Amino acid sequence: MNKWIEKIPFKKIVIFYIILVILVGIILMVWIGRKFQSKINFVYDYHTIQENSYNWEEIKDNLQAMSDKSEDVVDILVLDNENKITYTSKKSEFADQEKFSLTKAENMPNGYFTSSTNDNIIFRLTSDKELMITTVLSNFDTEIQKESEDEVFYQENYQEKKIFLLSYLGNKNTGEKIYFITEMHQIPNGRTYIKYTLAIIMFLFMIYWVLLALYIYQNALKSKLNPYLWGGITLITNIAGVVIYLIYKQNQKTCFQCGALQSKNHIYCVHCGTKLNETCNQCGSVINEQDHYCARCGKKQR
Ligand SMILES: [Zn+2]
Ligand SMILES: [Zn+2]
């Protein structure tokens, strides 16, 4: 096993691996991006509108564009301080009335409302962040069933009803409100795409993890250290193992002839016998090249 590990050209592999990761990353981003484009656009547009909510006039310009682009938007309504509809982006059934008001849904948890004109419609109040997550993952039906207070009651009375998500922005100065009424359409096989993406990312990460352990194994082998120990430590602790390994190497001396790692005080390499250190011409102890006097006996060296 040691023979072939010694021959692994890690520099080339690392360069190849980085190129591979960048390529796969780009392909995944394009793949997922195209598949989820309408959802990503929705999140982006919603965020833009929210960011500009201090500039009410500017928001109104963006609402129509956002509504036109997204198939999930059922309607965007702007209401004045008396709940009168002053703007509708899709002229849906909700905009037929002059006013848009909500009443709390019976036997449902907080945050569920019914339309005052059609009680077969339920609105689930959704925070902005939740809306963005739901938009991408869009599988909230089972979640709603789970959180309704009485599941049997829900099955009997609400199963047939239409549920929409509702989120809103308010303008404190004018009392105006924007209601975003949305209905999330699942992307066909969207979850499978996400699963595959995560699997590919995991696989690339595993390759990196094993490569690093193999590299340390090879390096330890060259330094005549125990490759199983250091490779094993790196396989378990990854980067932490590498740091410990490098610190350990720092405090040792590498033989320039055979690469064996050993104590800094060795005069000769314990592996190949090459002279590693200068010695005092009187007492024979190890001295550094730049020392003028021996640290042990005080003899002048040059
Ligand atoms: Zn040596
Ligand atoms: Zn000496």
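Entry 1, the hairpin. I began with the rule that two strands pair if DSSP finds at least two bridges between them, and I noted that helices (H or I, at least four residues) and strands (E, at least two) are DSSP runs numbered from the N terminus. I am reading a predicted model, in which local features need pLDDT of at least 70, side-chain atom pairs count only at pLDDT 80 or more, and totals for chains, interfaces and linings use all residues. Residues are numbered from 1 along each chain as its sequence is written, while chains are lettered from A and ligands numbered from 1 in the order in which they are written. I then looked up the hairpin of β1 and β2, where 5 residues lie between the strands and Asn83 takes a positive phi near 65°. These two strands pair in the antiparallel sense over 3 bridges, and I found that Leu77 has Thr88 of β2 as its bridge partner.

Entry 2, the sheet. I traced an open sheet of 7 strands with mixed pairing, in the order β2-β1-β7-β6-β5-β4-β3. Its edge strands are β2 (85-88) and β3 (102-104), each of which pairs on one side only. Following β1 to its other neighbour, I counted 6 bridges to β7, and the two strands run antiparallel; here Leu77 stands opposite Tyr179. At the β3 edge I found 3 bridges to β4 (residues 112-115), again antiparallel, with Lys104 of the one strand opposite Phe113 in β4.

Entry 3, burial and the core. I next asked how many of the residues of β1 are buried, a residue being buried if 20 or more other C-beta atoms, placed from the backbone, lie within 10 Å of its own. The result is 7 of 7, and I wrote down that β1 is mostly covered. I then looked for the largest nonpolar core (a set of buried Ala, Val, Leu, Ile, Met, Phe, Trp, Tyr and Cys residues joined through C-beta atoms within 7 Å), and it has 23 residues. Among those with the most contacts inside this core are Ile76, Leu77, Phe164, Tyr179 and Ile181. Two or more residues each come from α3, α4, β1 (73-79), β6 (162-170) and β7 (177-182), and β1 gives the most, with 6 residues. Apart from this core I found another, of 7 residues, which includes Ala213, Ile216, Leu225 and Tyr245.

Entry 4, one residue. I finished with Ile181, which, leaving aside neighbours within four places in sequence, is in contact (C-beta atoms, placed from the backbone, within 7 Å) with Val74, Asp75, Phe94, Phe164 and Leu166.

How values were computed: Buried ≥ 20, exposed ≤ 12 C-beta atoms within 10 Å, placed from the backbone. Contact = placed C-beta atoms within 7 Å.
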